[in-house]
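User: I should like to go through the classifications in this model one at a time. Please set each value against its criterion before drawing a conclusion.

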Amino acid sequence: MRYLRTSQDFLFTQLQYLPFSIKEHEISTLNQMSWLMKTAAIEMRVTSLNRQRSHTQRLLHLLLDDMPVKPYLADGEGGMEDESRSVSGFLHFDTASKVRRKILSILDSIDFSQDIPEPLQLDFFDRVQIEQVIANCEHKNARGQVVCNVKYLHRVLVAEVNALQGMAAIGQRPLLMEEINTILQYVVERNKLLQCLHAKRHALESWRQLVEIILTACPQDLIQAEDRQLIIRDLLQDVHDKILDDDAAQELMPVVAGAVFTLTAHLSQSVKTEQKQPLALPMTGQSQYVLMLDGSFTSSPGSESISMGFASVGDSSLHIILKKLLDFILKTGGGFQRVRTHLYGSLLYYLQIAQRPDEPDTLEAAKKTMWERLTAPEDVFSKLQRENMAIIESYGAALMEVVCRDACDGHEIGRMLALALLDRIVSVDKQQQWLLYLSNSGYLKVLVDSLADDDLTLQSLLTPQPPLLKALYTYESKMAFLTRVAKSQQGALELLRSGVIVRLAQCQVYDMRPETDHQGMYGMRDPPVFIPAPVERYRQILLPALQLCQVILTSSMAQHLQAAGQVLQFLISHSDTIQAILRCQDVSVGSLQELASLTGIISKAALPGVLSELDIDVNEGTQMELQGHIGRFQRQCLGLLSRFGGSDRLRQFKLQDDNAGGDRVNKRDEIELAMQQICANVMEYCESLMLQSAPSFQHAVCLFTPSLSESTNRDGPRQDTQTSVVPYWHLPGLGIIVYLLKQSTSDFFSYYDSHRQSVNKLQNVEQLPPDEIKELCQSVMPAGVDKISTSQKYVLARRRLVKLINNRAKLLSLCSYIIETCLFILWRHLEHYLLHCTPTDSQDPLLSSRMSFKKGRLQDSFGSEPNLDFSSGLNRVSQHDIEQLQIEATNSFGESLQKKLLDIEGLYSKVRSRYTFIQALVRRIRGLLRISRT
């Protein structure tokens, strides 16, 4: 390459004359152009790697400029004028002097149409047999083209004629030889057709390689972001125009689809990069990126002066690209699924342009009133998304049929991408036209029923040495799409009608839970491998099913009891697995995510009244068995509070830190979030049990004994004891609730400070010290941080800060919910024990009779739901227990804790919602503790 570069400036000189136009020698001309473009692509790659910017820049100007090319110096030095000149300098000149970009002219020179020779018209030879003989005579020539050997075919046909016997054959020999000549002429034309198509495919492939090198390998700063988008737009529109022509050869579709995929991916990336450029705003002092992420960008003062939106490319150009892409998909018809695979990927990249980027939850958006939110102007993302959806819907059932068919049948990669495309379209389809079509045409039912077929295949993936994991990836795509459908109320209803949860209950793969690998415990010791361990593969199968159940429970409002009944049936069908997960002591990310999803389901499904919704014949024995299952689920969930509600959690964090690897920070964030989610789910479960089982105060269901000893023990010197405080089959004490309340209050202020600091860092990323920037980058990209540019480091640091802010926002929301629920449960229990409960050692016969009457009413109220041993906590409550409870509760619920709780309400709860409960609950608990029992 150095010789070609330094000898007569070969490549630049030759590229100046592209495209060659010699119609008489089309095949050889196309081949010459192909090898020249491939050589140019290699040259640009090499000069970019060697940082020979002037050489790369000259070739880029030559290929991409739409201004007349100025004469360049032979030694490759363009001077300061060339160095500062942009690739599309035409923006500063009269538009009349523009010329077509050379990269587009090369594409124009490739004729996508192809003349096909007339089919054979034979009088003597059988046409089918002749086609078979021609196929047998085909071979690959030196250039790799499949052509027919004309000489060999001639010998075969002449031998066939010579073999004929009789006077008739001798008389017809001249006619037979003439027909042989016709066949040979047809084969020569056919060979020329194949060679021409091969040459065009070769030229198009070389052109694609050259475009890919320009967009990926060349230094980004040599092509400005705005010019890059305009170039990609022109390339996409031109290549679509050529392939959508009625005369275009179908053999060129695969190469064009690959080029479209690459171009659309770079267009999406380029638009996103342009939106994230940190342009300083003089009025606010904040960066454009931060304002955009705060959601206040489009309505901020002074935003009109910024070229916002998709200005470089323009919405109208994007719409044209989308229409051409959809036309291309429809043109492929029933075949060419592999071609559509590229096009589905392209469409996904295109739809990402209108997808709002990850925004940090700065807790400021909630300060806006509902009226301000309703009257806020439509932002550019919503506008483009709405217009895209209108274009997609205009194609009607023809497009829906193609995508839905590919999602249900065909090649695995094609199915996965079709499902991903359906996922994206359904998520933005406000009119739910696609969901309606999926339901009415039966495609949704086909996807649900296919889960039964996947069961056996997934079971084979849990062996130590599994076959190919294609079935697992297809299953994950299918479950992700079904979960997306379930996020709307109508979608959840359609899934319930199609029996998706019943199908999941019938799948046996969920019962094949492998044993936990204790050697690789805590999830961070073993180095990552491409094929995950059997336990990880099992979680990849189970977690999507749990998430789907959880989303259906959340979305199904009018049919909530029906959904809860089906989910409860799913839990009971796999009860051994469920109880093994609830008992599992592993604290890896995967096991905690299992627990978080499972407790979220149990808290909404294993409730009083759900048994009546089961679609099975329930006799007395069956009912007792079902209630036994539910009782075990309830007891095990309550037992989780002792693991994740206090010092045990701190001990597990210590184990995590001792066994952590390079990804320690991200793992710790995920583990912390999962633990808080488990506590929030269990507290929600306790609240639901109390409200649904006994709505009145006099018939309160007591889930916790009147003992705060757990709280005092934990606050004392025995915080690191590894013994479980309360066995899961006994009712825990109120001390767990008090300790969880204190711990969550402490966690809240820690998360709040961390959240506020991260927001400040995000707004001033450029001012952070280099060491801190490097640390932020390493959590996103563990290796190679030192080799990337400063601007790229800022991008990675921002990405990490956004993720950290959103993580802290979720933790704050969970802590706030846990605090409110703990206060409610504490208030209801204190009210029962201090006001309505009669101690068993009372000597007053009148009180004794009242107590026996009340206990009878309580037992009657529990008779229909004997899931928890509530009476064990009630029958043994003595006067001393109640007095001790009041003294310990007064000491534990002191002024400092009350002040912290009211601060949380002021800092967070009032900002997030108009309805707050902390102050009212604190006031009621404080009043209960002041009552003196006489």
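**Reasoning from values to terms**

User: Why is Tyr 510 called buried?

Analyst: The relative accessible area of Tyr 510 is 2%, and buried means under 20%, so the term applies to Tyr 510. This value, like the others here, is computed from a predicted model.

User: What makes Phe 570 buried?

Analyst: The relative accessible area of Phe 570 is 1%, which is under the 20% limit, and Phe 570 is therefore buried.

User: How many aromatic pairs does a search of the whole structure find, and what makes the pair of Tyr 510 and Phe 570 edge-to-face?

Analyst: The search finds 7 aromatic pairs. In the pair of Tyr 510 and Phe 570 the ring centres are 6.0 Å apart and the planes meet at 75°. The distance is within 6.5 Å and the angle is over 60 degrees, so the pair is edge-to-face. It links distant parts of the chain: Tyr 510 is in the loop between helix 24 (500-506) and helix 25 (534-555), whereas Phe 570 is in helix 26 (residues 560-573), 60 residues apart.

User: Why is the pair of Phe 748 and Tyr 752 called stacked?

Analyst: The centres of these two rings are 6.0 Å apart and their planes are at 15°. Planes under 30 degrees apart count as stacked, so the term fits Phe 748 and Tyr 752. Both residues belong to helix 33 (residues 734-763), where they are 4 residues apart, about one turn of the helix. Residues three or four places apart in an α-helix point the same way, because there are 3.6 residues a turn. Phe 748 has a relative accessible area of 0% and Tyr 752 one of 16%; both values are under 20%, so both residues are buried. Ring pairs also join Phe 748 and Tyr 752 with Phe 749 and Tyr 908 in a cluster.

User: How do you know that the charged end of Arg 58 sits over the ring of Phe 12?

Analyst: The charged end of Arg 58 is 4.1 Å from the centre of the Phe 12 ring and sits over that ring. The distance part of the rule requires CZ of Arg to be within 6 Å, so 4.1 Å satisfies that part. The charged end of Lys 38 likewise sits over the ring of Trp 35, 5.0 Å from its centre.

User: What makes helix 4 largely enclosed by the rest of the structure?

Analyst: In helix 4, 10 of the 12 residues are buried, so this helix is largely enclosed. Among the buried residues are Arg 58, His 61 and Leu 64. Helix 4 (residues 53-64) reaches 16 Å from its first C-alpha to its last, close to the 16 Å expected at 1.5 Å a residue.

User: Which residues touch the most other members of the largest nonpolar core?

Analyst: They are Trp 207 and Tyr 510, in a core of 221 residues. Helix 35 (residues 790-836) gives the most to this core, with 15 residues. Leaving aside residues up to four places away in sequence, the contacts of Trp 207 include Met 37, Ile 103 and Leu 235.

User: Why is the meeting of Arg 356 and Asp 379 called a salt bridge?

Analyst: The N to O distance is 2.0 Å, and the rule asks for a nitrogen within 4 Å of a carboxyl oxygen, so the pair qualifies. Arg 356 is partly exposed at 34% relative accessible area, while Asp 379 is buried at 14%.

User: How do you know that Arg 800 forms a salt bridge with Asp 669?

Analyst: The closest N and O atoms of Arg 800 and Asp 669 are 3.0 Å apart, which is within 4 Å, so the criterion is met. This pair links distant parts of the chain, with Arg 800 in helix 35 and Asp 669 in helix 31 (residues 664-693), 131 residues apart. Both Arg 800 and Asp 669 are buried.

User: What makes Arg 798 buried and Glu 766 partly exposed?

Analyst: Arg 798 has a relative accessible area of 4%, under 20%, and is therefore buried. Glu 766 has 32%, which lies between 20% and 50%, so Glu 766 is partly exposed. These two residues form a salt bridge, with their closest N and O atoms 2.5 Å apart.

Methods. Residues numbered from 1 in each chain as written. Predicted model: local features only at pLDDT ≥ 70, side-chain atom pairs only at ≥ 80, totals over all residues. Heavy atoms only, no water. Helix = DSSP H or I, 4+ residues; strand = E, 2+ residues; numbered from the N terminus. Buried < 20%, exposed > 50% of the residue type's maximum accessible area, 1.4 Å probe, protein only. Lys NZ or Arg CZ within 6 Å of the ring centre and 35° of its normal. Expected span 1.5 Å × (residues − 1). Core = buried A, V, L, I, M, F, W, Y, C linked by side-chain atoms within 4.5 Å. Contact = heavy atoms within 4.5 Å. Salt bridge = Lys/Arg side-chain N within 4 Å of Asp/Glu carboxyl O.
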